[in-house]
Amino acid sequence: MNTIAELTGHADRSLLIVEDDKPFLERLSRAMETRGFTVTSCDSVSEGLAQIGRAAPAFAVVDLRLGDGNGLDVLSALNRKRPAARAIVLTGFRKIGTRVPARQLGAVHYLS
């Protein structure tokens with residue numbers, strides 16, 4: 001399936017980005033807004049969890065290692081609240097042991 005075509009036709013373009021590198025978070029948020037997504041940006045696990053509690057998005061981009069915890073906790077909450085949500089996990093650390101749990105929690109891509 002062509003991911004770009006799938007996203008273009010998706011009615012709900014809500015996107016949660018959870019990333020603690022603030023300059024990257026701002027750049028990625030702006031880039032995704034220009035592509036038609038309604039972006040909510042969070043810089044911590046606690047903020048991400050709170051946002052999912054308010055309104056679980058259709059899409060998410062989540063950093064694996066955050067200052068206050070593990071991005072897998074955000075994926076887990078999103079998977080419970082909206083199982084059909086699609087997520088991408090970002091990490092600067094190559095820890096193969098987190099790839100499988102991330103996929104089980106709904107991550108469609110794992111970028112290290």
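The paragraphs below lead through this structure, a predicted model, from its overall plan to its cores and then to a few single residues.

The chain contains five helices and seven strands, and, read from the N terminus on, these elements run α-β-α-β-α-β-β-β-α-β-α-β. Of the 112 residues in the chain, 41% are buried. The surface that the chain exposes comes to about 6,200 Å², and carbon and sulfur atoms supply 55% of that area. If one takes the contacts between residues at least 6 apart in sequence, 58% of them join residues that are at least 24 apart.

With this plan in mind, we can turn to the interior. In soluble globular proteins, nonpolar side chains tend to be buried together. In this model the largest nonpolar core has 18 residues, and the members that touch the most other members are Leu16, Val18, Ile52 and Val74. At least two residues of this core come from each of strand S1 (14-18), helix H3 (45-54), strand S3 (59-63), helix H4 (71-81) and strand S6 (86-90). Helix H4 gives the most, with five residues. A second, separate core is made of eleven residues, among them Ile17, Leu28, Ala58 and Val61.

Leu16 is a useful place to look at the largest core in detail. When residues up to four places away in sequence are not counted, Leu16 touches Thr40, Cys42, Gly48, Gln51, Ile52, Pro57, Phe59, Ala60, Val61 and Val74.

Helix H4 deserves a paragraph of its own. An α-helix has 3.6 residues a turn, so residues three or four places apart point the same way. In H4 the buried residues are Gly71, Leu72, Val74, Leu75, Ala77 and Leu78. Leu75, whose place is in helix H4, counts as buried because its relative accessibility is 2%, while the limit for a buried residue is under 20%. From C-alpha to C-alpha, Leu75 lies 9.9 Å from Val45, a residue 30 places apart from it in sequence. Arg80, which is also found in helix H4, has a relative accessible area of 61% and is therefore exposed. The side chain of Arg80 makes a polar contact of 2.8 Å with the side chain of Ser76, and the C-alpha atom of Arg80 is separated by 9.6 Å from that of Ala56, 24 residues apart along the chain. At the N-terminal end of H4, Asn70 acts as a cap, with a side-chain oxygen 2.8 Å from the backbone nitrogen of Leu72.

Another residue to examine is Ser44, which lies in the loop between strand S2 (38-42) and H3. Is this serine buried or exposed? Ser44 counts as buried, because its relative accessibility is 9%. Its side chain is joined to the side chain of Ser46 by a polar contact of 3.2 Å, and a polar atom of the Ser44 side chain also lies 3.1 Å from the backbone nitrogen of Glu47. Once its neighbours within four places in sequence are left aside, Ser44 is in contact with Val18 and Asp68.

The aromatic residues complete the tour. A search of the whole structure finds one aromatic pair. The rings of Phe37 and Phe59 have their centres 5.7 Å apart and their planes at 90 degrees, so this pair is edge-to-face. Because Phe37 lies in the loop between helix H2 (22-34) and S2, and Phe59 in strand S3, the pair ties together parts that are 22 residues apart in sequence. Both Phe37 and Phe59 are buried, and for Phe59 the relative accessibility is 7%. The charged end of Arg13 sits over the ring of Phe37, at 4.2 Å from its centre. Phe59 and Ala87 are 28 residues apart along the chain, with their C-alpha atoms separated by 5.5 Å.

Phe24, found in helix H2, has a relative accessible area of 29% and so counts as partly exposed. Leaving out residues up to four places away in sequence, Phe24 touches Glu19 and Leu90.

Note on methods. Residues are numbered from 1 along each chain as its sequence is written. This is a predicted model: local features need pLDDT of at least 70, side-chain atom pairs count only at pLDDT 80 or more; totals for chains, interfaces and linings use all residues. Side-chain values use heavy atoms; hydrogens and water are left out. A nonpolar core is a set of buried Ala, Val, Leu, Ile, Met, Phe, Trp, Tyr and Cys residues joined through side-chain atoms within 4.5 Å. Buried means under 20% relative accessible area, exposed over 50%, partly exposed in between (1.4 Å probe, protein chains only). Helices (H or I, at least four residues) and strands (E, at least two) are DSSP runs, numbered from the N terminus. Contact means heavy atoms within 4.5 Å. A polar contact is a pair of N or O atoms within 3.5 Å; within protein, one must be able to donate a hydrogen and the other to accept it, and residues adjacent in sequence count only if both atoms are side-chain atoms. Accessible areas come from the Shrake-Rupley method with a 1.4 Å probe; for residues, only the protein chains shown count as cover. Rings of Phe, Tyr and Trp (its six-membered ring) pair if their centres lie within 6.5 Å; planes under 30 degrees apart count as stacked, over 60 as edge-to-face and the rest as tilted. A charge sits over a ring if NZ of Lys or CZ of Arg is within 6 Å of the ring centre and within 35 degrees of the ring normal.
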